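User: I would like to go through a structure by question and answer. Please work from the overall fold to single residues.

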Amino acid sequence: MRPEQTTVEPAPSHNFDKWVKARSANWSSVLEEIYGPPEKGRHRATFIANDYVIKIPMCEYGVGDNEYEAEQSDRNLAQCHLVYDSDDFPILIMEKVIMVDYDLLPHWAHNVDCSQVGLSKKTGRYVIYDFGLN
Ligand SMILES: Nc1ncnc2c1ncn2[C@@H]1O[C@H](COP(=O)(O)OP(=O)(O)O)[C@@H](O)[C@H]1O
Ligand SMILES: [Mg+2]
């Protein structure tokens, strides 16, 4: 699996962050055609589908966040898994959460970084949707 090449990519061993940014731009141009513009966080561009979202790293911290989130599993965390493209670029697939007004979130959500908590469509539980380390 490889997106159509639009941005020239340096080898990851030569300049990892520049490779991530170029890889990111190539994937984003393909996914934007399908899903429309992404929601952008600090390190990742998130494309929203019906029942899941696709997180594309925008820099090397986004790579670390995707790999970290895929390793975690807890009832308070949105379910997710990682897929690697043919160049080993890590793409995170996560269940989509329904965004809830800040005032309606449970108390513990106010202690989560930027209260990034929403309602799981799958389980009806409140779950954290951004639990990367960076
Ligand atoms: N599971 C999800 N369901 C719905 N929207 C999401 C989900 N995960 C992320 N988003 C949206 O995408 C934005 C960016 O994703 P996020 O994981 O916060 O990236 P970053 O780690 O770079 O901050 C979020 O602020 C939110 O608006
Ligand atoms: Mg975020």
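The turns below take up the fold, the sheet, the core, one loop residue and the ligand shell.

Analyst: This is a predicted model, in which local features need pLDDT of at least 70, side-chain atom pairs count only at pLDDT 80 or more, and totals for chains, interfaces and linings use all residues. Residues are numbered from 1 along each chain as its sequence is written, while chains are lettered from A and ligands numbered from 1 in the order in which they are written.

User: Which pattern does the protein chain follow along the sequence?

Analyst: Helices (H or I, at least four residues) and strands (E, at least two) are DSSP runs, numbered from the N terminus. The protein chain has two helices and eight strands. Read along the sequence, the pattern is α-β-β-β-α-β-β-β-β-β.

User: What is the radius of gyration of the protein chain, and what does the globule rule give for 134 residues?

Analyst: The radius is taken over C-alpha atoms, and the globule rule is 2.2 Å times the number of residues to the power 0.38. The C-alpha atoms fill a box of roughly 45 × 30 × 20 Å along the principal axes. The protein chain is as compact as a globular protein of that length, because its radius of gyration of 15 Å is close to the rule's 14 Å.

User: In which order do the five strands of the open sheet stand?

Analyst: Two strands pair if DSSP finds at least two bridges between them. β1 and β2 are joined by two bridges and run antiparallel, β2 and β3 pair in the antiparallel sense over five bridges, and β3 and β5 do so over four bridges. β1 (39-40) and β4 (80-84) each have a single partner strand and stand at the edges, so one side of each is left without a neighbour in the sheet. The order is β1-β2-β3-β5-β4.

User: Which residue in β5 stands opposite Ile-54?

Analyst: Ile-54 lies in β3, where it stands opposite Phe-47. β3 also pairs with β5, and in β5 the bridge partner of Lys-55 is Leu-92. For Ile-54, the residue opposite in β5 is Ile-93.

User: How many residues of β3 are buried?

Analyst: A residue is buried if 20 or more other C-beta atoms lie within 10 Å of its own, exposed if 12 or fewer, and partly exposed in between, with C-beta atoms placed from the backbone. Buried residues make up 26% of the 134 residues in the protein chain. β3 is largely enclosed by the rest of the structure, because the buried residues among its six number five.

User: Which element supplies the largest share of the largest nonpolar core?

Analyst: A nonpolar core is a set of buried Ala, Val, Leu, Ile, Met, Phe, Trp, Tyr and Cys residues joined through C-beta atoms within 7 Å. The largest one has 17 residues, of which Ile-56, Ala-78, Met-94, Val-127 and Tyr-129 touch the most other members. At least two residues each come from α1 (16-35), β2 (44-48), β3 (52-57), β5 (90-95) and β8 (126-128). The largest share, three residues, comes from β3.

User: Is Val-100 buried, exposed or partly exposed?

Analyst: Val-100 is found in the loop between β6 (97-99) and β7 (117-120). Leaving aside neighbours within four places in sequence, Val-100 is in contact (C-beta atoms, placed from the backbone, within 7 Å) with Leu-105, Gly-118 and Leu-119. Because Val-100 has 15 C-beta neighbours inside 10 Å, its class is partly exposed.

User: Which residues does Tyr-129 touch, not counting those up to four places away in sequence?

Analyst: Tyr-129 is among the residues that touch the most other members of the largest nonpolar core. With residues up to four places away set aside, Tyr-129 touches Ala-78, Met-94, Val-97, Gln-116 and Gly-118.

User: Which element gives the largest share of the shell around ligand 1?

Analyst: The shell has 18 residues, the closest being Glu-39, Gly-41, Arg-44, Thr-46 and Asp-130; a residue is near a molecule if its C-beta atom, placed from the backbone, lies within 6 Å of it. Of these closest residues, Glu-39 stands opposite Thr-46 in β2, and Arg-44 has Pro-57 in β3 as its bridge partner. The elements that give two or more residues to the shell are β2 and β3. The largest share, three residues, comes from β2.

Terms used. Contact = placed C-beta atoms within 7 Å.
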